[in-house]
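Please load the coordinates in a viewer and keep the selection panel at hand. The stops below are arranged as a sequence of selections, each followed by a description of what is found there.

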Amino acid sequence: MARFRRRTCIILLLFILFICSIMMALKTLRPDRAGFGDPFGLGLLPELQQRTVLLDNKQNSLNRVQGDTVTRVSNLHSITVNTMKASMPPVNKLEEELSSPNYNFHIFYYSWFGNPQFDGKYIHWNHPLLPHWDPKIANNYPKGRHNPPEDIGANFYPELGSYSSKDPSVIEAHMKQMRSASTGVIVLSWYPPGMADENGEPTDDLVPVILDYAHKYNLKVTFHIEPYKDRDDRSMYHNVKYIIDKYGGHPAFYRHKTSTGRFLPMFYVYDSYVTIPEIWANLLTVSGSQTIRNTPYDALFIALLVEERHKHDIHRSGFDGMYTYFATNGFSYGSSHHNWASLKAFCDSNNLMFIPSVGPGYIDTSIRPWNNHNTRNRVNGKYYETAFSAALLVRPEIISITSFNEWHEGTQIEKAVPKRTGQVVYLDYKPHKPNVYLELTQKWSEKYRKEQEQWLM
């Protein structure tokens with residue numbers, strides 16, 4: 001009998017221990033996806049996987065903005081504010097959710113897109129097919145215009161669709177994407193008031209809106225001065241004065257700290273080489289007849305270098321530095337990665353800034369169907385990473401990114417989605433997610449920060 005009781009007690013004790021162990025195990029278990037999403041693509045950026053999904057999950061709560069940040073701009077601005085429905089999240093909440101901005105990462109941005117809802121018509125999405133300069137070659141390719149929203153002038157299709165650059169929700173989404181990529185300075189394509197490129201409409205009225213939204217995300221804005229009609233030393237002086245007088249007091253207006261401790265505005269000058277050095281020297285050298293130096297409108301002026309000989313012209317002109325813009329490795333001397341070391345050495349010896357431009361790839365056959373030979377395949381992000389690696393090797397003070405949303409030339413890092421319509425099949429970022437190039441930019445921004453700390457030691 002005693003033996004039976006002893007056996008019963010042992011069995012009961014074991015049963016109690018078994019129940020306790022099950023309860024402890026259940027207490028420590030978590031669901032497979034607690035707080036996080038699916039693994040990122042093919043493991044391209046495993047270290048960023050958790051942060052990215054958290055950002056994606058909160059997209060909707062940040063994609064709207066209230067009017068109190070934009071009440072002091074033009075009538076167009078006031079109208080767009082009325083479409084905003086949600087209150088602005090506190091700045092400190094945004095700071096917690098997004099990567100810190102890197103003000104040495106500058107990204108080219110285009111506000112020239114339009115659609116019927118906001119502009120009364122499509123702008124730029126309906127880009128014409130540009131003919132080849134040789135009529136014999138041109139005859140072998142189609143002519144006409146694209147027909148949005150299904151048929152747009154791009155080889156990729158944006159996640160936001162054929163959007164308007166005036167749409168507040170689009171501007172908000174763009175700022176969030178650029179901030180999530182850890183870029184810090186938006187290089188805004190700019191034409192003087194009343195002027196535009198041959199396929200667009202004037203966009204200067206939109207600058208205050210962009211500045212306000214940039215400020216919300218702690219981003220800065222500088223200007224990419226396009227080759228407007230009759231651009232010369234006098235008109236440039238007038239336009240630089242206009243920009244600084246009108247926008248220079250905004251907290252999002254970018255100023256760069258120079259080696260002498262001055263904080264100066266910065267202007268990228270596209271196609272600067274079409275104006276002779278003597279004209280630029282009138283504006284950019286101390287002794288020039290139209291000099292802007294040592295005036296309240298002095299700034300850092302960055303010229304576009306395409307051919308090797310341009311470096312000497314840039315120096316003679318009085319520019320403060322050079323950038324390479326094109327995302328096509330091998331297309332020009334400046335855009336060829338293997339030339340960056342010698343260009344950086346030239347700049348160092350002549351007290352100039354060298355700003356290499358990196359891009360994720362290039363394809364413009366939607367608007368230049370004859371230009372296949374300049375296509376650069378993205379290779380699932382490897383092309384972009386190769387460009388960043390080449391840029392870091394020369395230890396630049398600033399890296400520029402071509403581009404956030406130049407959809408016509410397929411250099412965008414903005415989110416794109418798969419799309420098939422009629423006879424058109426758009427390219428996409430598969431097997432990765434729509435935000436893969438934002439993730440890669442953020443990865444290289446952090447890498448650049450760490451390496452820059454080592455350079456300065």
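Two residues are said to be in contact when heavy atoms of theirs lie within 4.5 Å. The model on display is predicted.

**First stop: N104**

Select N104, which sits in the loop between α5 (91-97) and β1 (105-109). Which residues does N104 touch, not counting those up to four places away in sequence? They are E397, I398, I399, Y448 and Q452. Add Y448 to the selection: 344 residues separate N104 and Y448 along the chain, yet their C-alpha atoms are 9.2 Å apart. Next, display the side chain of Q452, with which the side chain of N104 forms a polar contact at 3.3 Å.

**Second stop: S403**

Move to S403, in the loop between β10 (399-401) and β11 (420-421). Is S403 buried or exposed? Its relative accessible area is 0%, under the 20% cut-off, and therefore S403 counts as buried. Two polar partners can be drawn from the side chain of S403. One is the backbone nitrogen of E406, reached at 2.9 Å; another is the side chain of T411, at 2.8 Å. With neighbours within four places in sequence left aside, the contacts of S403 are I107, F108, Y110, T411, Q412 and I413. T411 thus appears both in this contact list and as a polar partner.

**Third stop: helix α8**

Select residues 168-180, which form helix α8. What span should its 13 residues have at 1.5 Å a residue? The expected value is 18 Å, because the rise is multiplied by one less than the number of residues; the end C-alpha atoms are 18 Å apart, in agreement. Colouring by accessibility shows a mostly covered helix, with 12 of the 13 residues buried. Among them are the charged residues E172, K176 and R179, as well as P168, V170, I171 and M175. Just after α8, select S182, whose phi is positive, at about 65 degrees.

**Last stop: an internal cavity**

Rolling a probe the size of a water molecule over the atoms shows where empty space is left. In this model the count comes to two cavities of 30 Å³ or more. For the second largest, the volume is about 70 Å³. To see its lining, select S111, W112, S189, W190, Y191, A196, D197, E201 and T203. Colour this selection by class: the lining comprises four nonpolar, three polar and two charged residues. The charged ones are D197 and E201.

Technical notes:
Residues are numbered from 1 along each chain as its sequence is written. This is a predicted model: local features need pLDDT of at least 70, side-chain atom pairs count only at pLDDT 80 or more; totals for chains, interfaces and linings use all residues. Side-chain values use heavy atoms; hydrogens and water are left out. On a 1 Å grid over the protein atoms alone, a cavity is a set of points where a 1.4 Å probe fits but cannot get out, and a pocket is an open set with protein on both sides within 12 Å along at least five of seven lines; lining residues have an atom within 4 Å of a point. Grid points are joined across faces, edges and corners, and a volume is the space filled by probe spheres set on the points. Helices (H or I, at least four residues) and strands (E, at least two) are DSSP runs, numbered from the N terminus. A polar contact is a pair of N or O atoms within 3.5 Å; within protein, one must be able to donate a hydrogen and the other to accept it, and residues adjacent in sequence count only if both atoms are side-chain atoms. Buried means under 20% relative accessible area, exposed over 50%, partly exposed in between (1.4 Å probe, protein chains only).
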